[in-house]
Amino acid sequence: VSPTLAAAAPPARVAQPPLSPSQGAEIVAVVNGDVISMADVANRRRLFAISTGLPLTPEVLSRLTPQIIDQLVDEKLRLQEMQRRHIAVPEAQIAKAIGSIEQSNGMAAGALRQRLAAAGISMRTMIDQVRVQLGWGMVLRDELGDQAQISDADVAALERTLTAEKGQTEFNIAEIFVPVSNPKQAADTEGFADTIIQRLRAGAPCAVVAAQFSQSQTALQGGSRGWIQANQVSDDELRVLKEMPVGAISNPIKVPGGLSIVTLRGRRQIGEDH
């Protein structure tokens with residue numbers, strides 16, 4: 001059975017006892033006056049563990065901690081920027097996004113809350129994460145303004161590009177982007193990326209892992225970038241895509257700002273009938 005949120009057996013909780021109130025209240029980071037507690041870290045790392053089928057052992061949870069803290073700090077910064085711009089994400093939009101995550105994982109509506117509760121994880125952990133992901137997309141659209149709108153000229157330019165590239169290869173990919181925020185922690189980041197890859201290759205659902213841990217704007221689309229052309233990826237990513245068989249998951253690829261994990265879903269020639 002693939003270790004999905006829906007199908008995986010509830011992880012054993014005896015290996016890692018719940019945090020005491022004093023442990024949970026321990027401050028691990030302060031971001032412009034906003035506190036990240038050990039309870040926040042514990043909830044998020046447990047969420048990752050059950051999503052990928054990792055055992056909830058002290059060793060596994062400890063290994064996840066540095067990347068979890070980095071992610072929470074990044075989310076806190078994004079949330080502060082949302083607040084500065086007075087951007088509020090409607091609750092209905094958050095519920096719809098969570099429903100999409102359930103659907104992509106073959107779960108009935110409301111089953112995610114039950115699954116998380118069984119693992120001792122607050123639903124607020126998922127809600128807060130989705131809120132920031134959606135809100136940051138709104139920040140980017142606000143920043144780009146008219147540039148974020150697809151015009152008739154943009155469509156025409158794309159058509160010209162596809163005509164010029166007729167016969168060349170394009171790729172259907174999904175991505176998980178893991179940022180390297182501190183070069184001194186590059187080794188930890190690579191280890192975290194390796195853990196993600198191992199679980200994906202063992203059957204963990206890419207859509208769920210991407211929704212939780214990719215720092216790309218494709219996260220809530222399960223990491224999907226759809227069909228892309230050679231000029232839309234880095235040279236290193238293109239080299240890997242040309243060598244990968246369809247269905248394969250790449251090793252970490254160094255890209256500006258971090259590491260990219262790519263799943264190749266399809267390959268075809270531009271301009272051919274599909």
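Two strands count as paired if DSSP finds at least two bridges between them. With that in mind, welcome to this predicted model. Here we look at an open sheet of four strands, in the order β4-β3-β6-β5 and with antiparallel pairing, at the helices that lie on this sheet, and at a crossing between helices α2 and α6.

**The sheet as a whole**

- Strands of a sheet pair through backbone hydrogen bonds, and they can do so in a parallel or an antiparallel way.
- In this sheet the order is β4-β3-β6-β5, and the pairing is antiparallel.
- The edges are formed by β4 (224-229) and β5, each of which pairs on one side only.
- On average, neighbouring strands of the sheet are turned by 45° against each other, direction ignored.

**How β3 pairs on its two sides**

- Strand β3 (residues 169-179) runs antiparallel to strand β6 (residues 258-269), and 11 bridges join them.
- β3 is also joined to β4, by five bridges, and this pair runs antiparallel too.
- Asn172 is a handy residue to find in the model: its bridge partner in β4 is Trp227, while its bridge partner in β6 is Gly266.

**The hairpin of β5 and β6**

- Strand β5 (residues 253-255) pairs with β6 in the antiparallel sense, over three bridges.
- Within this pairing, Lys254 stands opposite Leu259 in β6.
- The two strands form a hairpin with two residues between them.
- Gly257 sits in the turn of that hairpin and has a positive phi of about 90°.

**Helices on the sheet**

- Helix α8 (residues 186-201) packs on the sheet and touches β3, β5 and β6.
- The direction of α8 makes about 35° with that of β6.
- Helix α9 (residues 206-213) lies across β3 and β6, and runs at about 45° to β3.

**Where α2 meets α6**

- Helix α2 (residues 38-52) packs against helix α6 (residues 123-144) at an angle of about 90°, and their axes are 9 Å apart.
- Angles of 65 to 115 degrees count as roughly perpendicular, which makes α2 roughly perpendicular to α6.
- On the α2 side, the contact involves Asn43, Arg44 and Leu47.
- On the α6 side, the residues they meet are Thr125, Met126 and Gln129.
- By type, the residues of this contact divide into two nonpolar, three polar and one charged.

Conventions: Residues are numbered from 1 along each chain as its sequence is written. This is a predicted model: local features need pLDDT of at least 70, side-chain atom pairs count only at pLDDT 80 or more; totals for chains, interfaces and linings use all residues. Side-chain values use heavy atoms; hydrogens and water are left out. Axes are lines fitted to C-alpha atoms, for helices over the stretch in contact, and angles run from 0 to 180 degrees between N-to-C directions. Angles under 35 degrees count as roughly parallel, over 145 as roughly antiparallel, 65 to 115 as roughly perpendicular and the rest as oblique. Contact means heavy atoms within 4.5 Å. Ala, Val, Leu, Ile, Met, Phe, Trp, Tyr, Cys and Pro count as nonpolar, Asp, Glu, Lys and Arg as charged, and the others, Gly among them, as polar.
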